[in-house]
Amino acid sequence: MEGIAAMGEGSGQWINAGEVKNNGWELTVGYRHSLPSDFSWDISGNISKYVNEITKLPETVAANGKYGGNGVKSVVGHAMFSQVGYIYDGIFKSQEEIDNHAIQEGAGLGRIRYKDLNGDGRITEEDQDWIYDPTPAFTWGLNIYLQYKNWDLTMFWQGVQGVDVDCRGYKSQTDFWANSAINVPYLNKGVRLLDAWSPANPGSDIPALTTSDTNNEGRVSSYYIENGSYAKLRTIQLGYNMPKQVTDKLRLDRIRFYASAQNLVTIKSSKFTGVDPENPGFNYPIPLNLTFGLNVSF
């Protein structure tokens, strides 16, 4: 009989072991109207919400805290991809704060302070709670079509409200010189580092610069969780159709000029530290596309 070491990937199996419950709702409304002045509009919008919950896991999985529990809590009763972590409680800004806080290995001036949730006077793995739920409060969309004589304007807005985003991937680089979450030397750093805490900059909430992460600030914590709500102007197009008397003279059915843009406007939380809350893990925005065109029909 072959040993597990000789079995390769055959020693591990993927099985449908858990149970998940999903429910939600969606509402769509619209309105269309025309005026005698050749002005018309067509507006429609939708809003939706869904709830996701893991209802059952094998005991071996639940006990190990897999799927976000980190060995501390079971994800049963929470949404898929929810995450347990330490609770960010500001930065140590004086020796008095350090002395009056629970024992925390690596504590020091300018270092992140974590909450002692169980009150035992020490920061341990037990001081973790649910910090991240990827399920938004609701999502929405809005379509607008306006027409006045030969001109028309189309817009599509889309948004997500009340959603957590995990910024650990890029914030480890923008807020830290050394961080156990991403241990790659010679990486470019973010400009936020210029505002890091120091005795000369005591009001900052960005950890002090250090070349050694003795406080383990790369650990999963609420420091990296931010409000990912946004509203985006996904598409906008302005068009003009040449008058019929012009197209008739040219023996054409239609001539239309248009200009359009995709992802032209993004509205996000003023406290969001990244570039685009829709793409928080990579720290670059969804591209802006501009298009100019001419349509001719014979």
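Is Arg 192 buried, partly exposed or exposed? Arg 192 is partly exposed, with 26% relative accessible area. Its setting comes up again in Figure 3, after a look at the whole chain.

**Figure 1. The whole chain, as a predicted model.** Let's start with the overview. The chain has five helices and 13 strands. Its radius of gyration is 27 Å, well over the 19 Å that the globule rule gives for 298 residues, so the chain is more spread out than a compact globule. Along the principal axes, the C-alpha atoms take up a box of roughly 85 × 65 × 40 Å. Of the 298 residues, 34% are buried. The accessible surface comes to about 18,200 Å², and carbon and sulfur atoms account for 55% of that. As for contacts, take those between residues at least 6 apart in sequence: 64% of them join residues at least 24 apart. On confidence, the mean pLDDT of the chain is 89, with 91% of residues at 70 or more. If you compare the elements, helix α1 (residues 4–7) has the lowest mean pLDDT, at 56, and strand β5 (residues 112–114) has the highest, at 98.

**Figure 2. Arg 113 and Asp 89, a salt bridge between two strands.** The closest N and O atoms of this pair are 3.3 Å apart. Arg 113 sits in strand β5 and Asp 89 in strand β4 (residues 88–91), so the bridge ties together parts that are 24 residues apart in sequence. The two partners differ in cover: Arg 113 counts as buried at 16% relative accessibility, while Asp 89 is partly exposed at 28%. By the rule used here, the count of salt bridges comes to 13.

**Figure 3. Asp 175 meets Arg 192 in a salt bridge.** Here the N to O distance is 2.7 Å. Both residues belong to the loop between α4 (168–174) and β10 (225–227), and they are 17 residues apart. Asp 175 is buried, with just 1% relative accessible area. Arg 192, the residue we opened with, is partly exposed at 26%.

**Figure 4. Arg 234, Glu 278 and their salt-bridge network.** The side chains of Arg 234 and Glu 278 meet in a salt bridge, at 2.8 Å from N to O. Arg 234 is in strand β11 (residues 230–241), whereas Glu 278 lies in the loop between β12 (254–268) and β13, and the pair links parts of the chain 44 residues apart. Arg 234 counts as buried, with 15% relative accessibility. Glu 278 is partly exposed, with a relative accessible area of 30%. Now widen the view a bit: through salt bridges that share partners, Lys 232, Arg 234, Asp 276 and Glu 278 are joined into one network.

**Figure 5. A nonpolar patch at the surface.** Which residues make this patch of about 440 Å²? The members are Phe 257, Leu 294, Val 296 and Phe 298. Zoom in on Leu 294 and you find it in strand β13 (residues 289–297). At 49% relative accessibility, Leu 294 counts as partly exposed, because the exposed class takes in residues over 50%.

**Figure 6. Ser 40 in strand β2.** Strand β2 covers residues 39–56 and holds Ser 40. This serine is buried, with a relative accessible area of 15%, and the cut-off for that label is under 20%. What is Ser 40 in contact with, leaving aside its neighbours within four places in sequence? The partners are His 33, Ser 34, Tyr 145, Leu 146 and Gln 147.

**Figure 7. Trp 151 in strand β8.** Strand β8 runs over residues 151–161, and Trp 151 is part of it. With 44% relative accessibility, Trp 151 counts as partly exposed. Not counting residues up to four places away in sequence, Trp 151 touches Leu 146, Leu 238, Gly 239 and Tyr 240. Leu 146 is also among the contacts of Ser 40 from the previous view. For a sense of scale, pull back to Asn 216: Trp 151 and Asn 216 are 65 residues apart in sequence and 59 Å apart in space, C-alpha to C-alpha.

Note on methods. Residues are numbered from 1 along each chain as its sequence is written. This is a predicted model: local features need pLDDT of at least 70, side-chain atom pairs count only at pLDDT 80 or more; totals for chains, interfaces and linings use all residues. Side-chain values use heavy atoms; hydrogens and water are left out. Patches are made of residues with over 30% relative accessible area and no salt bridge: like charges are joined within 9 Å, nonpolar side chains (Val, Leu, Ile, Met, Phe, Trp, Tyr) within 5 Å. Accessible areas come from the Shrake-Rupley method with a 1.4 Å probe; for residues, only the protein chains shown count as cover. A salt bridge is a side-chain nitrogen of Lys or Arg within 4 Å of a carboxyl oxygen of Asp or Glu. Helices (H or I, at least four residues) and strands (E, at least two) are DSSP runs, numbered from the N terminus. Buried means under 20% relative accessible area, exposed over 50%, partly exposed in between (1.4 Å probe, protein chains only). pLDDT is the predictor's confidence in each residue, from 0 to 100. The radius of gyration is taken over C-alpha atoms; the globule rule is 2.2 Å times the number of residues to the power 0.38. Contact means heavy atoms within 4.5 Å.
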